[in-house]
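Me: I should like to learn how to read some features of a protein model. May we go through them one at a time?

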Amino acid sequence: MNQLTRRRALALATALGTTTLLPGLARAQAGYPNRPISVIVPFAAGGPTDVVTRLVAELMSRDLGQPVVVENVGGAGGTLGAQRVAQARPDGYTLLLHHIGMGTTPTLYRRLAYDPVNGFEPIGLVTEVPMTIIAKKDFPAANLAEMVRVIREQKQSINLANAGVGAASHLCGLLLQSAVQTQVTTIPYRGTGPAMTDLIGGTVDLMCDQTTNTTQQIRSGAVRAFAVTTNERNAALPELPTAAEAGLPGFEVSVWHGLYAPKGTDAAILNRLSRSLQGALRDERLVARFAELGTAPVSQERATPEAHRAYWQADIAKWRPIIQAAGQYAD
């Protein structure tokens with residue numbers, strides 16, 4: 001490359017918003033994607049975040065023309081998988097699909113090997129999932145009011161399962177204990193899948209989890225359901241009252257899921273992934289499957305980097321005082 005050509009190339013790179021000339025990266029961006037993409041789920045296979053991710057990944061794969069491979073990297077309340085993505089090369093080939101934990105981790109964890117806020121680029125929101133308060137099928141309560149009475153009477157004798165500190169089920173459990181003003185014994189698992197298995201088997205008493213993981217179990221009678229944690233009844237479980245209807249006014253929590261790339265990922269790649277995500281969320285098969293699981297995809301406007309960033313930052317601010325008041329940190 002002669003001197004004049006170098007100057008022209010540098011001028012073009014500057015016009016495109018780059019500070020250094022990276023021909024290899026420019027070619028990669030222009031041909032993106034040209035190899036398989038990994039989406040990290042920071043929880044065990046079979047849990048609600050895993051279910052959501054696999055549905056989205058299949059449709060995005062068709063649109064992008066490359067396999068979108070789901071990898072489960074569980075442990076430490078989702079931070080191990082998130083760390084792997086935060087420290088990955090920002091080339092669009094390693095992504096993260098995480099839930100509400102992205103809004104709570106900045107407060108819940110005081111010492112991390114990665115930056116839980118500035119280590120990621122949001123791609124778009126995927127869905128907001130209601131939660132349900134459920135119990136083993138022979139739990140000695142017929143409704144939420146009776147469940148609260150049993151908890152207050154038996155206290156630490158009651159076992160409340162969750163998918164680990166920082167998981168959605170853990171956060172919902174914190175709110176439940178605060179609402180009934182009684183502490184129970186919490187049992188952490190490495191994911192909601194094994195926690196659900198033990199709840200069905202009667203090893204633990206209670207769990208608070210997303211409709212994506214509980215709807216089928218509730219319908220089959222494998223578990224006993226007391227309430228849904230949104231201010232409106234869920235279309236997939238219309239007979240299930242809201243927590244407010246059942247006697248816990250103000251108890252409201254839903255679990256959102258979002259897609260992320262490592263910090264520094266090129267805007268063109270983020271926008272390509274966002275468009276693919278939006279297409280997946282419009283797909284009739286995904287809409288129908290989400291409905292079966294008790295949720296729905298977000299609007300197209302919310303499945304964008306800008307909208308998701310604003311929502312994510314607001315959720316961090318929402319959860320910070322709740323976690324600080326509980327005084328329960330993960331480290």
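Me: Are H3 and H12 roughly parallel or roughly antiparallel to each other?

Reply: Please note that this is a predicted model. In general, two packed helices are described by the angle between their axes and by the distance between those axes. Here the axes of helix H3 (residues 48–64) and helix H12 (residues 284–292) cross at roughly 175° and come within 11 Å. Angles over 145 degrees count as roughly antiparallel, and H3 and H12 are therefore roughly antiparallel to each other.

Me: Which residues make the contact of H3 and H12?

Reply: H3 contributes Val 52, Leu 55, Val 56, Leu 59 and Arg 62, while H12 contributes Arg 285, Leu 286, Arg 289 and Phe 290. The residues of this contact divide into six nonpolar, three charged and no polar.

Me: How does one look for empty space, and what volume has the largest cavity?

Reply: Rolling a probe the size of a water molecule over the atoms shows where empty space is left. In this model there is one cavity of 30 Å³ or more, and the largest cavity has a volume of about 90 Å³. Its lining comprises 15 residues, with Phe 43, Pro 48, His 99, Ala 163 and Thr 192 nearest the centre. At least two lining residues come from each of H3, helix H7 (168–180), helix H8 (192–201) and strand E7 (206–210). By class, the lining has eight polar, six nonpolar and one charged residues.

Me: Is Ala 222 buried or exposed?

Reply: Buried means under 20% relative accessible area; Ala 222 has 15% relative accessibility, so this residue counts as buried. Ala 222 lies in the loop between helix H9 (211–220) and strand E8 (223–228). Leaving out residues up to four places away in sequence, Ala 222 touches Lys 137, Ile 200 and Gln 217.

Notes. Residues numbered from 1 in each chain as written. Predicted model: local features only at pLDDT ≥ 70, side-chain atom pairs only at ≥ 80, totals over all residues. Heavy atoms only, no water. Axes fitted to C-alpha atoms, helices over the stretch in contact; angles between N-to-C directions. Helix = DSSP H or I, 4+ residues; strand = E, 2+ residues; numbered from the N terminus. Parallel < 35°, antiparallel > 145°, perpendicular 65-115°, else oblique. Contact = heavy atoms within 4.5 Å. Nonpolar A, V, L, I, M, F, W, Y, C, P; charged D, E, K, R; others polar. Buried < 20%, exposed > 50% of the residue type's maximum accessible area, 1.4 Å probe, protein only. 1 Å grid on protein atoms, 1.4 Å probe; cavity = no way out; pocket = protein on both sides within 12 Å on 5 of 7 lines; lining within 4 Å. Points joined across faces, edges and corners; volume = space filled by probe spheres on them.
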